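Q: Please take a close look at one part of this structure and go through what surrounds it. Plain description is enough.

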Amino acid sequence: MIQLGVIVAALYFIGGYDRAVEKLTLGYAAEHILAIIAAAVVSAMLIYSAATFDQTMKPSRGVLLLSFAVFLPVSLAYRRWIRQYVVASSAGRSFLVIGGGATAARFYEAYRNSPNGQQLEFVDVNEERVGQPIAGQGSPIVQGNLAAKLNNLGKRYSGIILAAKASSLSTELLERLVHAQFQETRVYTLESFYETQWRYLPLGIIDPFWPLQSGFQLARTSPYHYLKRLFDVVASAIALIVCAPLFVLIPLLIWMEDGSPVFFRQERVGRDGRRFILFKFRTMRCSDEADEDIYTRKDDRRVTAVGRWLRKLRLDELPQLWNALKGDISLIGPRPEWSKCAERYEQTIPFYHFRHLVKPGITGWAQVNYPYGESDEDAVEKLKYDLYYIRHYSLKLDAMIVLKTLYTMLFGKGR
């Protein structure tokens, strides 16, 4: 029973039971394998800890190892089969999008660039938009007769997406949508669709009052807040002890290649805008900070040979464990930005200041879902994932980030 509970929790954290998670990719397969390995380690620790207090328990290492070795390929194959079945069964279905204005057009562009393969069918109650393409030549034509489509949902639509303001819809239509939500098919607001399907929040559908909505764990005293701080302290202390040899070897390699200093220090912005000095192993040649590019580009000549490997394996982040132990940052949270960048972003990117509602972290939801940023546009894209993290701040999401970070480190996805 212990094994089963741990396995279920591990697969739940990576989205193994979530229909919206794509399970046919190599990325998911790697995360699935890591989750099962983590479950095996935790199960072994729990079982052998219990055995020390109950002498009647005689756990077998061979049986434990064999059970996980058999379960791993079976569970992965089963999920791939289920996913293929879901994709096949929904191939002939579409999403019905209510709305034909600029908001719906932006949603179409985002959907077209996403991995979702189902068709979109646009319908609007505004007769002036009927017959017009939603986003230029080649895009779907906005249709009318919404009532007839809602009366014929059946197996035709996978869901309804509301891309128009509720105030523009009649009371009768809103009641029909409520009925569809509870009786026929799911009705998404744009925000809920982005969160459920893509797990980020676009800036165009939130407003300054967004943090005041219900459902934010950050808005109240949560036991997880204190548990997370305890975890940061314990895990950082243990990691610093375990990685002590690396704190000797890595500085030596940096010094041998490019001299001193071996540590990189920079002012970053933390929770509530508080400034602090962040530590990392130096991976770039020394230069005048006032003249240097604020972004590290692909194949950047400033990155040293040792630094390139440190970045790839994320080992340059190790000194940040000291920042986490001190409480400047958490192990998990939005990336702590250089104060120079943060000041500029707050002037140019809407709602950027919402990132400072939580402690920044060594790894986070944006870091494991979006490539390394090297432009202001990338900063905007990563903010969408940071806002999702703030909205869904929880043990489950943090566990997903940990597993995705392990995948990134093991498969050399860093830069």
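A: Ser114 counts as buried, at 16% relative accessibility; buried means under 20% relative accessible area, exposed over 50% and partly exposed in between, with a 1.4 Å probe and protein chains only. The model is predicted, so local features need a pLDDT of at least 70 and side-chain atom pairs count only at pLDDT 80 or more, while totals for chains, interfaces and linings use all residues. Residues are numbered from 1 along each chain as its sequence is written, and side-chain values use heavy atoms, with hydrogens and water left out.

Ser114 sits in the loop that runs from helix 4 (102–112) to strand 2. Helices (H or I, at least four residues) and strands (E, at least two) are DSSP runs, numbered from the N terminus. The side chain of Ser114 reaches back to the backbone oxygen of Tyr111 at 2.7 Å.

The loop leads into strand 2, and from there to the sheet. Strand 2 belongs to an open sheet of 4 strands, ordered 2-1-3-4 with parallel pairing. Two strands pair if DSSP finds at least two bridges between them. The edges are held by strand 2 and strand 4 (187–189), each with a single partner strand, so one side of each has no neighbour in the sheet. On average, neighbouring strands are turned by 25° against each other, direction ignored.

Strand 1 (residues 94–98) pairs with strand 3 (residues 157–162) in the parallel sense, over 5 bridges. Within this pairing, Tyr157 in strand 3 is the bridge partner of Ser94. Helix 7 (residues 190–198) packs on the sheet and touches strand 1, strand 3 and strand 4; contact here means heavy atoms within 4.5 Å. The direction of helix 7 makes about 100° with that of strand 4. Axes are lines fitted to C-alpha atoms, for helices over the stretch in contact, and angles run from 0 to 180 degrees between N-to-C directions.

Strand 1 also pairs with strand 2, again in the parallel sense and over 5 bridges. On that side, Leu96 stands opposite Glu121 in strand 2. In a regular strand the side chains alternate between the two faces of the sheet. From strand 1, Ser94, Leu96 and Ile98 point one way, whereas Phe95 and Val97 point the other way, and all are buried. Because 5 of the 5 residues of strand 1 are buried, the strand is largely enclosed by the rest of the structure.

After strand 2 (119–123), the loop towards helix 5 (146–150) holds Asn145. The phi of Asn145 is near 55°, a positive value in a residue other than glycine. Asn145 is exposed, with a relative accessible area of 55%.

Further along the chain, helix 9 and helix 10 form a packed pair. Their axes are 9 Å apart and the packing angle is about 150°. Helix 9 is therefore roughly antiparallel to helix 10; angles under 35 degrees count as roughly parallel, over 145 as roughly antiparallel, 65 to 115 as roughly perpendicular and the rest as oblique. From helix 9, Ile250, Leu253, Ile254 and Glu257 meet Ala305, Val306, Gly307 and Leu310 of helix 10. By class, this contact has 6 nonpolar, 1 polar and 1 charged residues. Ala, Val, Leu, Ile, Met, Phe, Trp, Tyr, Cys and Pro count as nonpolar, Asp, Glu, Lys and Arg as charged, and the others, Gly among them, as polar.

Leu252 is also found in helix 9, and at 42% relative accessibility Leu252 counts as partly exposed. Leu252 and Val262 are 10 residues apart in sequence and 8.2 Å apart in space, C-alpha to C-alpha. Pro261 lies in the loop between helix 9 (246–258) and strand 5 (263–269), and a cis peptide bond, with omega about 0°, joins Ser260 to Pro261. In strand 5 itself is Gln266, which counts as buried at 7% relative accessibility. A polar contact of 2.8 Å joins the side chains of Gln266 and Arg268. A polar contact is a pair of N or O atoms within 3.5 Å; within protein, one must be able to donate a hydrogen and the other to accept it, and residues adjacent in sequence count only if both atoms are side-chain atoms.

For the chain overall, the secondary structure comes to 15 helices and 8 strands. Of the 415 residues, 45% count as buried.
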